[in-house]
Amino acid sequence: TTIPLVPGIPIVDDTINEAEQDFAVFLEVVTAIDPVRVDLQSGRFASLARIFDDDPLNIGFEQERYTVFEATDANGELIPIPIIKENNQQSEITFEVISSLLLESGPTAAQPDEDFFAIPPVQRQDFNPNEQEINYRFELFDDTPLNPNVPEPTETFQVQLSLVDEGLPDINIGGSLFATATVVIIDDDVIAQPV
């Protein structure tokens, strides 16, 4: 009579990017009532188990808000907002990410072509297997020379991520990251004081 024995081996589910991992389970006969019926070689048997890291691939922003300063950061260079991969970063597929500018309304809404310039407003980028990060880029404008004595409120705009192919398996926009990021523009200009 064969009595199956299935030991419970808990597997820890973490969010660390890991390669395949193997471990062995050994069965060893310590004592036997009838040793003649024990058919394990040398009384010892091993079984190999393999763990695959099948966590879904998350794509998104690390932060929900990014702060830039009008006078300090408006230097004619593009400002990057990182878009990162999390989990299963060894994925062999290339996929395309869309970064879309979401316009807001109201007195604190940053205006494109006045407060900032997104190049282009909708950015499509390939995320290749060997890449861990790509960037949404925009240029910040300092309008102090046009309005030297007019302080501005803190202004914001948003960037939202999506996939070109929504049917890709095991790829999430957001997940433990952020699918939408808010860019906060702080007016750090020094207002000229009348003499």
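N58 sits in strand β3, which covers residues 57-60, and it's a handy way into this predicted model. From there we'll look at K85, one of the residues that N58 touches, then move on to an open sheet of 5 strands and a salt bridge between E96 and R124.

**Around N58**

- Is N58 buried or exposed? Its relative accessibility is 5%, and buried means under 20%, so N58 counts as buried.
- The side chain of N58 has a polar partner: it makes a polar contact with the side chain of N172 at 3.3 Å.
- Beyond residues up to four places away in sequence, N58 touches a run of residues from I84 to N87, namely I84, K85, E86 and N87. It also touches N172, G174, G175, S176 and L177.
- I171 is 113 residues away from N58 along the chain, yet their C-alpha atoms are separated by just 5.9 Å.

**Around K85**

- K85 belongs to strand β5, residues 78-86.
- Which side chain of opposite charge is nearest to K85? That's E131, at 6.4 Å, and K85 has no salt bridge even though it is buried.
- A salt bridge needs a side-chain nitrogen of Lys or Arg within 4 Å of a carboxyl oxygen, so the 6.4 Å to E131 is too far to count.
- What the side chain of K85 does reach is the backbone oxygen of E131, at 3.0 Å.
- Setting aside neighbours within four places in sequence, the contacts of K85 include L57, N58 and I59, as well as F95. F127, N128, P129, E131 and Q132 are also in contact with K85.

**The five-stranded sheet**

- The open sheet runs in the order β4-β12-β10-β6-β8, with mixed pairing.
- At its edges are β4 (65-69) and β8 (122-127), each of which pairs on one side only.
- Neighbouring strands in this sheet are turned against each other by 25° on average, ignoring direction.
- Strands of a sheet pair through backbone hydrogen bonds, parallel or antiparallel.
- β6 (residues 95-102) and β10 (residues 155-163) run antiparallel and are joined by 6 bridges.
- I98 stands opposite S162 of β10.

**The salt bridge**

- How many salt bridges are there by the rule used here? The count comes to 1.
- E96 and R124 form a salt bridge, with their closest N and O atoms 3.1 Å apart.
- E96 is in β6 and R124 is in β8, so the pair ties together parts that lie 28 residues apart in sequence.
- With 25% relative accessibility, E96 counts as partly exposed.

Conventions: Residues numbered from 1 in each chain as written. Predicted model: local features only at pLDDT ≥ 70, side-chain atom pairs only at ≥ 80, totals over all residues. Heavy atoms only, no water. Pairing = 2+ DSSP bridges. Helix = DSSP H or I, 4+ residues; strand = E, 2+ residues; numbered from the N terminus. Axes fitted to C-alpha atoms, helices over the stretch in contact; angles between N-to-C directions. Buried < 20%, exposed > 50% of the residue type's maximum accessible area, 1.4 Å probe, protein only. Contact = heavy atoms within 4.5 Å. Polar contact = N/O pair within 3.5 Å; in protein donor to acceptor, adjacent residues only side chain to side chain. Lys, Arg positive; Asp, Glu negative; His and termini not counted.
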